[in-house]
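Hi everyone, thanks for coming. I'd like to walk you through one structure today, going from the whole chain down to a few single residues. Let me put it up on the screen.

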Amino acid sequence: MRLLGISILLFLYSFHVFCQCGKYLDYRFKADSCYRISSFQEASYYYKKCLNYKEKQRVDYYYLAVSLMKINKNDSALYFYRIAAKEGLRYTSTQSFYDDDIVKKNSNLEEWKKTISIVKKNTERYIEKVNLNSEFLKTILEKKSLDKKYRDSKINLLSTEIKDSLWKIQKQIDIDNQQWLKKEIKKNGWPKISKVGAEGDMAAGVIVQHADNDTTFQRYCLSLLKKLWKSRDTSPKNIANLEDRLLINSNKMQIYGTQYETIIVNHKIIDLKLKPTVDITCLNKRRVALTMEPVEIYLESEKKKCFIKENAIKVNQLESLNDTIYNFFSDFKLIMVGEMHGTIEPAKFTIGLAQVLTRNGDSVQLGLEIPAEEMAKFISEHSDSSIYSSEFFMKRAIDGRENYAWAELISTLNKNKKVKLFFFDINKKDYKVSGNRDSLMYIKIKNQIQKYPNWKIITLSGNIHNMIKPFRGNNTMGCYIINDHELNLSDKLCSINHCYNSGTMYNDVGNGLELRQIQNFNSIYSTSVDYENYLFLYPKTKAENYNGIYFTRYVTAAKIVNE
């Protein structure tokens, strides 16, 4: 009895210390909170405080550097970014590296080049290690896909009998996955990040999390994960998910708030509710201890995943869209397609979109982000040879648009009698007109809408231009159009952006035109469903940069016409 009392006191003491989270966690929580609301002056203050404690991490140096850069203290930003680089700062994909604000803004500055190159090498070494285990990664990702086969929320719409039958199959899949992973762990240890990448590590975590039939295996894996976390070689989400799941399944309260129940009304998920959680007032501080986002952001992200699962429409072939896709777009007058330049898939999708609209009786105007003066020869002759010999495709490529995918798009749709092509990027003479580039492109598109009021219009442009919210404080082409009261297209405009998981692209992100490898650029779109290609629209109540997304799991570099 005495031993039991001492154990309880020790537990309460350690739990009290944990909830207090220490000074480091207090400062880290405040720093992250300020960073998320763009209060970078305050964020930099608290990140500096974090560095006084032994618990500090390389991400503290990184976020301090970003915060200082945002308030124009570039010398100090470089100092702390350099420390982060020496501590091993790296990104999980080349896409993440090139998309980072620090890299974008400073890669051409002489004093930053050496440090950025260190981070790039750290990233390349990480990716190289992951690629050495690509066969294992391929297998475990297939296992993860099977893990979700009958966990789809749409299963709830089926009869109880069918649902029970499918769940029985899913349980057997889970057991087979567990047996396979047990053998792998026994042979090679946990599939850690430095060996198989973040995606492989998380896939293993999902398999273990669903091993509720074998809690001994779950607890063993949890002990491995806690050891790996000391060297940051596993995702903290694996630890939080598994620990919480074990607690909830033992009728205890969870610690990190990862487990929730879905609130379903009329076969639709309308909300998520946390399962019983210890001391919820300290929940976000405990999550910060594992470098996890606040629970409010986590639940919002999970709701978004649920929404995508319920509403994603599978696309089998980008160039040959079916009538389900036609119904998806039929109510819209203007469809703005956004892309990362130098990729094939957006052009293919645009061809498919124009063809399915015209096949169903619509007449279509297709506008491309190309200056009309650079397509003068084609506008005059309308032949295939005039496409390739036009100034736009003959000139030295600048940003990747000057590619065969765009040329073939023009060639294909030029043969469709129900499609009219126009070009809306600004000409050289337009630079003399007051106004920015996006406002001038908007006017050209507006003129076409007014010229052919009963036609559908599709535009293909870079994915900043078709945003329907301002970008970095500046109105975009999409903003001007959606706010034009004369056009009155707010309910008739669909702006969609291309998202992807991995592949190649040929474009310029600040280092000149180059072929870039995209390594498993995981996002909510790549992890919500297993479709190779799909479409979905956000609910109208959500204020997003776009109305929707077209997702392709792979993206392919488009070859430049005049290389």
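So, what are we looking at? The chain has 24 helices and eleven strands, and please keep in mind that this is a predicted model.

Let's begin with the overall dimensions. Along the principal axes, the C-alpha atoms fill a box of roughly 95 × 65 × 45 Å. The radius of gyration is 26 Å, which agrees with the value near 24 Å for a compact globule of 563 residues. Buried residues make up 50% of those 563. If we take the contacts with a separation of 6 or more, 69% of them join residues 24 or more positions apart.

Now the outside. The accessible surface comes to about 27800 Å², and carbon and sulfur atoms account for 52% of that. For those of you who think about charge, I count 85 positive and 65 negative side chains, with the centres of the two sets 4 Å apart.

Let's go inside. Which residues have the most contacts within the largest nonpolar core? They are F329, F349 and I410, in a core of 43 residues. Helix α17, residues 345-359, gives the most to this core, with seven residues. Let me zoom in on F329. Setting aside neighbours within four places in sequence, F329 is in contact with I335, F349, L353, K456, C494, I496 and L535.

My next stop is Q178, in helix α10, which covers residues 160-188. Is Q178 buried or exposed? Its relative accessible area is 1%, and the cut-off for buried is under 20%, so Q178 is buried. What does Q178 touch, once residues up to four places away in sequence are left out? The list is I207, H210, A211, N213, D214 and F217.

Last one, and it's a loop residue. P294 sits between α14 (283-289) and α15 (295-311). With a relative accessible area of 16%, P294 also comes under that 20% cut-off, so this loop residue counts as buried. Beyond its neighbours within four places in sequence, P294 is in contact with R36, N284 and R287. Take N284 from that list: P294 and N284 are ten residues apart in sequence, and their C-alpha atoms are 5.3 Å apart in space.

That's my tour. If you'd like to look again at one spot on the screen, try F329 and its contacts, including F349 and L353. Thanks for listening, and I'm happy to take questions!

Note on methods: Residues numbered from 1 in each chain as written. Predicted model: local features only at pLDDT ≥ 70, side-chain atom pairs only at ≥ 80, totals over all residues. Heavy atoms only, no water. Helix = DSSP H or I, 4+ residues; strand = E, 2+ residues; numbered from the N terminus. Rg over C-alpha atoms; globule rule 2.2 N^0.38 Å. Buried < 20%, exposed > 50% of the residue type's maximum accessible area, 1.4 Å probe, protein only. Contact = heavy atoms within 4.5 Å. Areas by Shrake-Rupley, 256 points an atom, 1.4 Å probe, with all protein chains shown as cover. Lys, Arg positive; Asp, Glu negative; His and termini not counted. Charge placed at Lys NZ, Arg CZ, Asp CG, Glu CD. Core = buried A, V, L, I, M, F, W, Y, C linked by side-chain atoms within 4.5 Å.
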